[in-house]
Amino acid sequence: MKYVNLGKTGLKVSRLSLGTMTYGSRKWREWILEEEESRPFIKLALELGINFFDTADVYSLGVSEEILGRSLKDFAKRDQVIIATKVYSQMGDDPNDKGLSRKHIFDSIDASLRRLQTDYVDLYQIHRWDNSTPIEETLEALHDVIKSGKVRYIGASSMYAWQFAKALYTADKHGWTRFVSMQNHYNLVYREEEREVIPLSRAEGIGIIPWSPLARGFLAGNRQKQSYGETIRAKTDDFAHNLYYQESDFQIVDRVVELAKQRGVTPTQIALAWLLHQPGVTAPIIGASKIEHLKDAVEAVDLELSSDERKLLEEPYKPHPILGHQ
């Protein structure tokens with residue numbers, strides 16, 4: 001495993017982050033792995049050198065955080081892992097159980113810490129932009145959470161470049177803690193982030209930790225327009241069906257599959273290697289529901305692609321509507 005700084009911070013993270021949305025309760029989504037099925041993935045990730053784990057309060061409504069917390073307590077030393085979680089989404093029926101208000105942030109960090117069984121979170125991320133709360137209120141609350149010792153760094157997730165720029169200059173104006181990372185939607189078949197968010201992030205020294213680096217499994221090369229795929233998640237994933245199924249997307253996947261055959265690796269490894277080559281990308285957040293998926297992903301860290309190979313993969317790309325900000 002290789003390790004890099006998260007943006008311009010001194011925090012060292014593995015080149016891949018294990019995302020834990022897949023681990024939780026089937027009561028939330030039918031494709032979720034329960035705790036006993038999930039623990040081997042977290043253990044193996046640690047053995048393979050991954051020190052960066054990403055979750056969110058909304059994943060299985062807190063169960064994902066609980067599983068991650070118990071697993072890391074059993075398998076690792078707290079000061080040797082980087083735990084990232086998120087705040088924003090609806091967590092209950094009360095009108096204040098959602099968003100980025102001072103109240104919800106303060107309540108949510110305490111709840112996440114209890115579930116994770118830790119005194120602090122390394123990276124606390126706003127899961128989306130909150131149009132109903134002034135960014136000043138959100139940033140000051142996050143700054144206060146940092147000063148309390150409950151959080152070490154703060155990050156943002158999918159939003160428009162003007163929103164991210166506003167958050168950064170507002171923090172600077174008031175002397176509040178800045179976002180150090182951007183968790184955005186970025187992969188070979190969705191590259192709209194290259195227009196503004198990624199250049200802004202690179203200019204500001206922000207670490208880029210893309211979600212859905214394999215386009216919800218689409219880049220594995222086993223999807224068809226008619227059936228969508230073989231797994232429960234593939235067949236029921238409306239997000240992917242509405243985004244990744246235009247003709248140019250299948251052309252890109254065909255090239256990924258062909259290059260993988262030529263190189264003697266898997267399509268997953270080719271797609272991840274391409275993303276790891278992109279300027280500014282720190283650590284793609286991978287999901288794994290099969291052990292071989294995790295092993296494949298780690299092997300991609302050392303896979304070098306030539307400029308001609310990257311160009312071959314990129315050529316068929318056609319613009320997509322913006323999706324992932326909600």
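This report walks through salt bridges, cavities and pockets, a surface patch and some backbone oddities in a predicted model.

## Ground rules

The model is predicted, so local features need pLDDT of at least 70 and side-chain atom pairs count only at pLDDT 80 or more, while totals for chains, interfaces and linings use all residues. Residues are numbered from 1 along each chain as its sequence is written, and side-chain values use heavy atoms, with hydrogens and water left out.

## Salt bridges

Searching the whole structure turns up 17 salt bridges; the criterion is a side-chain nitrogen of Lys or Arg within 4 Å of a carboxyl oxygen of Asp or Glu. One of them joins the side chains of Glu35 and Arg70, at 2.8 Å from N to O. This pair ties together distant parts of the chain: Glu35 sits in helix α1 (residues 35–47) and Arg70 in helix α2 (residues 63–75), 35 residues apart. Helices here are DSSP runs of H or I with at least four residues, strands are runs of E with at least two, and both are numbered from the N terminus. Glu35 is partly exposed at 21% relative accessible area, and Arg70 is partly exposed at 30%. For those labels, buried means under 20% relative accessible area, exposed means over 50%, and partly exposed is in between (1.4 Å probe, protein chains only).

Asp107 and Lys103 make another salt bridge, with their closest N and O atoms 3.0 Å apart. Both residues belong to helix α3 (residues 102–116), and their spacing of 4 residues is about one turn of the helix. Asp107 comes out partly exposed at 40%, and Lys103 is partly exposed at 44%. Then there's Arg191 with Glu194, where the closest N and O atoms are 3.0 Å apart. Arg191 counts as buried at 13% relative accessibility, whereas Glu194 is partly exposed at 28%. Asp172, Arg178 and Glu204 go beyond a simple pair and are linked in a network of salt bridges.

## Cavity and pocket

The void search runs on a 1 Å grid over the protein atoms alone: a cavity is a set of points where a 1.4 Å probe fits but cannot get out, a pocket is an open set with protein on both sides within 12 Å along at least five of seven lines, and lining residues have an atom within 4 Å of a point. Grid points are joined across faces, edges and corners, and a volume is the space filled by probe spheres set on the points. The count is 1 cavity of 30 Å³ or more, and the largest cavity holds about 30 Å³ of space. Its lining is made of Leu100, Ile126, Arg128, Trp129, Asp130, Thr133, Ile135 and Thr138. By class that's 4 nonpolar, 2 polar and 2 charged residues. In this scheme Ala, Val, Leu, Ile, Met, Phe, Trp, Tyr, Cys and Pro are nonpolar, Asp, Glu, Lys and Arg are charged, and the others, Gly among them, are polar.

As for pockets, the second largest has about 200 Å³ of space. It is lined by 13 residues, with Tyr88, Trp129, Asn131, His325 and Gln326 nearest its centre. The class split for this pocket is 4 nonpolar, 7 polar and 2 charged. Trp129 appears in the cavity lining and also in the pocket lining.

## A nonpolar surface patch

Tyr160, Trp162 and Ile322 form a nonpolar patch on the surface, with about 330 Å² of accessible area together. Patch members need over 30% relative accessible area and no salt bridge; like charges are joined within 9 Å, and nonpolar side chains (Val, Leu, Ile, Met, Phe, Trp, Tyr) within 5 Å. The areas come from the Shrake-Rupley method with a 1.4 Å probe, and for residues only the protein chains shown count as cover.

Tyr160 lies in the loop between β7 (151–157) and α5 (161–174), and is partly exposed at 39%. Trp162 lies in helix α5 and counts as exposed at 53%.

## Backbone oddities

Most residues other than glycine have a negative phi. Gln117 isn't a glycine, yet has a positive phi of about 55 degrees. Gln117 sits in the loop between α3 and β6 (121–126) and is partly exposed at 39%.

Ala215 also has a positive phi of about 55 degrees without being a glycine. Ala215 is in the loop between β9 (207–208) and α7 (232–236), and is buried, with a relative accessible area of 0%.
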